[in-house]
Amino acid sequence: MFNLTYEFKLKPTQNQIEMFEEWLETHRRVYNHALAERKDWYKSRSCQVNACSLLSEYIISADAPRPTFASQCKSLTAARKENEHLKRVNAQSLQQTLRRVEKAFVSMWEQNHGFPRFKKPGRMRSFSFPQLGQDPLSNGYVKLPVIGTVKVRQSRDIADGGVIKQARVVKRISGWYVMLTVQWDVNPPQRLPRGEVVGIDVGLTSFVASSNGLLVKRPRFFVDAERKLKLLQQRVSRKRIGSNNWKKAQNKVASLHEYVANCRKDWHRKLSHQLCNDAGMVFVEDLNLVGLSRGMLGKHCLDAGFGQFFSILEQTCFKRGVYFQKVDSRKTSQICPNCGTETGKKELSERTHTCSNCGYTTDRDIAAAQVVAIRGLAAVGHTVKMLAEGKFIGIPVKQESPGL
């Protein structure tokens with residue numbers, strides 16, 4: 001099976017917009033209720049066996065089972081018979097919200113994420129439909145359960161043979177969007193490592209340094225917009241909370257954030273296509289992105305968007321038939337790519353790699369990218385000797401880099 005997600009902009013009527021807003025509020029309340037039920041159960045088990053708090057304590061029967069996705073779905077079915085707001089919303093869509101709560105707790109246990117938090121009004125921005133009818137997208141309209149047909153701007157066609165399995169309605173400051181998950185009953189062939197190898201090292205001085213000598217400076221999308229963002233946020237703080245002017249000022253802040261995110265994503269896509277030109281294999285570092293985001297330069301790392309760039313680059317490689325793989329990122333800047341000698345740690349101010357053993361000199365980031373390319377070749381079964389024989393191009397003769 002092969003899945004792709006298509007994103008189209010919706011053009012709902014005023015009545016449909018009001019229905020969307022009502023559904024989002026209902027989903028938010030269901031999410032908060034399910035989270036509160038789980039949180040109360042956990043807190044009732046957190047007190048000591050022989051002592052209780054002097055202020056307050058959660059008291060729930062000892063034989064009460066832990067709330068799970070299945071038990072909360074049963075409670076939701078019973079509540080829909082009595083609550084009019086729940087009756088207006090598709091039952092499967094509400095179950096997907098309960099699944100989001102379950103996923104949040106699984107991420108907390110397995111991926112060391114924080115404890116799930118309640119959603120304030122306006123924080124719930126999407127709801128999904130796990131099942132759709134036959135041919136839900138036709139003649140510029142998408143047919144959603146209970147809601148009906150909604151006009152959509154179909155910017156591109158869906159490839160033949162695909163079946164629309166799921167739909168997610170997303171609210172943004174620029175409008176309403178629908179994300180359609182399309183499935184094809186095919187197994188795409190696995191990309192084989194062949195052709196020219198390109199190793200990529202990412203950083204804050206040079207966003208991308210490739211093993212063939214390309215250096216791309218990092219654009220500062222958020223930092224450049226920070227001054228304007230500060231001005232808009234000051235205007236929000238001076239408005240009365242909940243007033244119409246306060247909502248308008250908040251919308252301007254959200255518009256600026258969306259503009260910055262769109263600019264960053266567009267630049268990542270263009271750069272990924274440039275890197276895939278004349279490349280048969282692309283290797284990148286397997287970085288600890290969470291650790292980078294929590295460090296001293298966390299704001300700049302998040303502004304660069306390394307994780308999003310790697311995801312987009314992997315998608316671009318898949319579409320263009322380029323082999324993509326992540327390699328170990330340890331000590332890539334401490335090894336000489338020419339002789340393999342470990343040169344030791346370098347200060348951040350040292351931007352040139354000079355090997356005391358063989359005398360090889362090049363840019364520090366390009367040397368790290370060449371080490372990534374060598375590790376990638378070793379990972380796919382090639383040897384450095386094959387690289388020296390000229391079968392693959394990994395270490396450039398010239399150090400000049402063309403502009404982006």
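This tour moves through a predicted model and indicates what to select at each stop.

**Stop 1: a buried threonine**

Begin by selecting helix α1, which covers residues 14-44; Thr 26 is found there. Is Thr 26 buried or exposed? Its relative accessibility is 7%, and Thr 26 therefore counts as buried, since that class lies under 20%. Next, display the residues around Thr 26. When neighbours within four places in sequence are left aside, Thr 26 is in contact with His 85, Leu 86, Val 89 and Leu 94.

**Stop 2: a threonine in a strand**

Now select strand β5, residues 148-153, and locate Thr 149 within it. Thr 149 has a relative accessible area of 47%, so this residue is classed as partly exposed. Which residues does Thr 149 touch, not counting those up to four places away in sequence? They are Gln 16, Tyr 141, Val 142 and Lys 143.

Keep Thr 149 selected and add Lys 299 to the selection. These two residues stand 150 residues apart along the chain, and a distance of 42 Å separates their C-alpha atoms. The viewer's distance tool may be used on this pair of C-alpha atoms.

**Stop 3: two loops with positive phi**

Turn to the loop between β2 (126-129) and β3 (137-138), and select Asp 135 there. The backbone angle phi of Asp 135 is positive, at about 45°, although Asp 135 is not a glycine. With a relative accessible area of 63%, Asp 135 is exposed, because the exposed class begins over 50%.

A second loop joins the tour here: the one between β12 (323-327) and β13 (352-354), which holds Lys 331. What is the phi of Lys 331 near? The value is near 60°, again positive in a residue other than glycine. Lys 331 counts as partly exposed, because its relative accessibility is 43%.

**Stop 4: a patch of positive charge**

Finally, show the surface and select Arg 235, Arg 238, Lys 239, Lys 248 and Lys 252 together. What do these residues form on the surface? They gather in a patch of positive charge.

One member of this patch, Lys 248, merits a separate selection. Lys 248 is placed in helix α6, which runs over residues 244-276. Its relative accessibility is 52%, and Lys 248 therefore counts as exposed, the cut-off for that class being over 50%.

Key:
Residues are numbered from 1 along each chain as its sequence is written. This is a predicted model: local features need pLDDT of at least 70, side-chain atom pairs count only at pLDDT 80 or more; totals for chains, interfaces and linings use all residues. Side-chain values use heavy atoms; hydrogens and water are left out. Patches are made of residues with over 30% relative accessible area and no salt bridge: like charges are joined within 9 Å, nonpolar side chains (Val, Leu, Ile, Met, Phe, Trp, Tyr) within 5 Å. Accessible areas come from the Shrake-Rupley method with a 1.4 Å probe; for residues, only the protein chains shown count as cover. A salt bridge is a side-chain nitrogen of Lys or Arg within 4 Å of a carboxyl oxygen of Asp or Glu. Lys and Arg count as positive and Asp and Glu as negative; His and the chain ends are not counted. The place of a charge is taken as NZ of Lys, CZ of Arg, CG of Asp or CD of Glu. Helices (H or I, at least four residues) and strands (E, at least two) are DSSP runs, numbered from the N terminus. Buried means under 20% relative accessible area, exposed over 50%, partly exposed in between (1.4 Å probe, protein chains only). Contact means heavy atoms within 4.5 Å.
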